[in-house]
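Q: Please take a close look at a single part of the structure shown here, one residue and its surroundings, and then set that part within the whole chain.

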Amino acid sequence: MTFKKFLPLAMAATALPALAMAQDAVPGEAADHTKFILTSVLFLVGGFLVFWMAAGFAMLEAGLVRSKNVTMQLTKNIALFSIAAIMYWLVGYGIMYPGDWLIEGWLGPFFAVTSLDPVGVGADAVDVGYASGASDFFFQLMFCATTASIVSGTLAERIKLWPFLAFVVVLTGFIYPIEASWQWGGGWLSEAGFSDFAGSTLVHAAGGFAALAGAFILGPRLGKYKDGRTIPMPGSNLPLATLGTFILWLGWFGFNGGSQLAMGTISDVSDVARIFANTNMAAAAGAVVVMIMTQLMYKKVDLTMILNGALAGLVSITAEPLAPSLFQALIIGGIGGAIVVFVVPLLDRLKIDDVVGAIPVHLVAGFWGTFIVAWTNDSASFGTQILGFAAIGIFVFVVSFIFFTIIKAVMGLRVGEEEELGGLDMAELGMEAYPEFTNG
């Protein structure tokens, strides 16, 4: 490779900051075009980083379930993402960002099918003050799919494939878009002053509430709780679970950074960088706090707890990753990690079987992250934050509970005892992830 080969890249790298600086100083049409282009790029890059989180969820879940259920988890994860993509196009995006409300501030129009900007569209036919329609749709879709991924891990090792996917249709097409429209679509929560920058409640707690509803109806795995004791059921592959956590950590930079929703000015780019740094700090703090706590409480460090501690730190900072200082991000993420250590055994005492720990990580840490927004963001209030979390939580839990109940009555929800003991890979799919090993 010669320097000449790299010269265009070097010029482009130096030109982008200069371009941003120039548009700050020179208002008008050219500045608007620059904002449009750079914000569209932010959505596309952020979107494919959040898409990579789908791989993270798949690897995390595959590592934390037993070997006889790994193929099932992988199948559920690729299927749920694909279903989310179709349902969000068909109904979800139109409900979430309504042009005209069916019920003002509460419910957008059904079956407002998403259409893209025309091929070769010019500046005269788009909103140059924002971003391309396709980039916005692509970015927002990834959040919808993430919500469904959260449910998958909690209900692992005992739910049938097709009934689970039937619920995904409802969750991604209707439940998530409706509650998200209340805030991000300019609905009643937005008007009330609720603040959720990137989705601690709208995405993570919502997925946690749906998972909780499913766990109540589905019940625990066979043998999980016996004679007043919790029976450990170790995952099949901790290296895979660790890889999944790192992938999620990486994808979260797109999740939070892209939620700045603008990259056309010096201040926007600086804010995106600040978001990246705070996001990373919260994850690191969550992991370190869990490492110390498990050593002190159990005399040994627990890797699975550390992984969930990092994720809880990420969920905690997601509601407000911009306003905090690095020290505040450390506190927020660290407390998120501590939540995992206390809530995981609490769920076991309540006999709520959450295979991967999604409820502590996404629901409970999601509440913490949403509530503490008012600490660093002067425009938010603790009361309004609680109101928003409660409204979304009640809506998602109740509607999910109803649909899980309907699906159970119509299709059945749980595999039979023999199928569960033998593993869902063979019972539901007829193939194994590790065919050379004995089921365990």
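A: Helices here are DSSP runs of H or I with at least four residues, strands are runs of E with at least two, and both are numbered from the N terminus. The model is a predicted one, in which local features need pLDDT of at least 70 and side-chain atom pairs count only at pLDDT 80 or more, while totals for chains, interfaces and linings use all residues. Residues are numbered from 1 along each chain as its sequence is written, and side-chain values use heavy atoms, with hydrogens and water left out.

The residue chosen is Leu 347, which lies in helix α11 (residues 326-349). Leu 347 has a relative accessible area of 9% and is therefore buried (buried: under 20%; exposed: over 50%; partly exposed: in between; 1.4 Å probe, protein chains only). Leaving aside residues up to four places away in sequence, Leu 347 touches Tyr 225, Ile 352, Asp 354, Ile 359 and Pro 360, a contact being heavy atoms within 4.5 Å. One of these partners, Ile 359, is 12 residues from Leu 347 in sequence, with 8.8 Å between the two C-alpha atoms. The loop between α11 and α12 contains Lys 351, and the phi of Lys 351 is positive, near 60 degrees, in a residue other than glycine. Most residues other than glycine have a negative phi.

A second case of this kind is Leu 261, whose phi is positive and near 65 degrees. Leu 261 belongs to the loop between α8 (238-257) and α9 (266-298), and with a relative accessible area of 33% it is partly exposed. Ala 85, in helix α3 (residues 70-96), is likewise partly exposed, at 24%. The C-alpha atoms of Ala 85 and Gly 173 are separated by 9.3 Å, although these positions lie 88 residues apart along the chain.

Two further helices extend the picture. Helix α10 (residues 303-318) has 16 residues and reaches 23 Å from its first C-alpha to its last, close to the expected 22 Å (1.5 Å times one less than the number of residues). Because 14 of its 16 residues are buried, α10 is largely enclosed by the rest of the structure. Helix α14 (residues 382-411) has 30 residues and reaches 42 Å, close to the 44 Å expected. Its buried residues include Phe 389, Ile 392, Phe 395, Val 396, Phe 404 and Ile 407. Among the elements that cover the buried residues of α14 are α4 (133-154), α5 (161-181), α7 (200-218) and α12 (358-371). After α14 comes Gly 412, with a positive phi near 80 degrees.

The whole protein contains 16 helices and two strands. Its C-alpha trace spans about 70 × 55 × 50 Å along the principal axes. The radius of gyration is 22 Å, which agrees with the value near 22 Å for a compact globule of 440 residues (taken over C-alpha atoms; 2.2 Å times the number of residues to the power 0.38). Of the 440 residues, 55% count as buried. Among contacts between residues at least 6 apart in sequence, 79% join residues at least 24 apart. The accessible surface comes to about 18400 Å², 70% of it belonging to carbon and sulfur atoms (Shrake-Rupley method, 1.4 Å probe).
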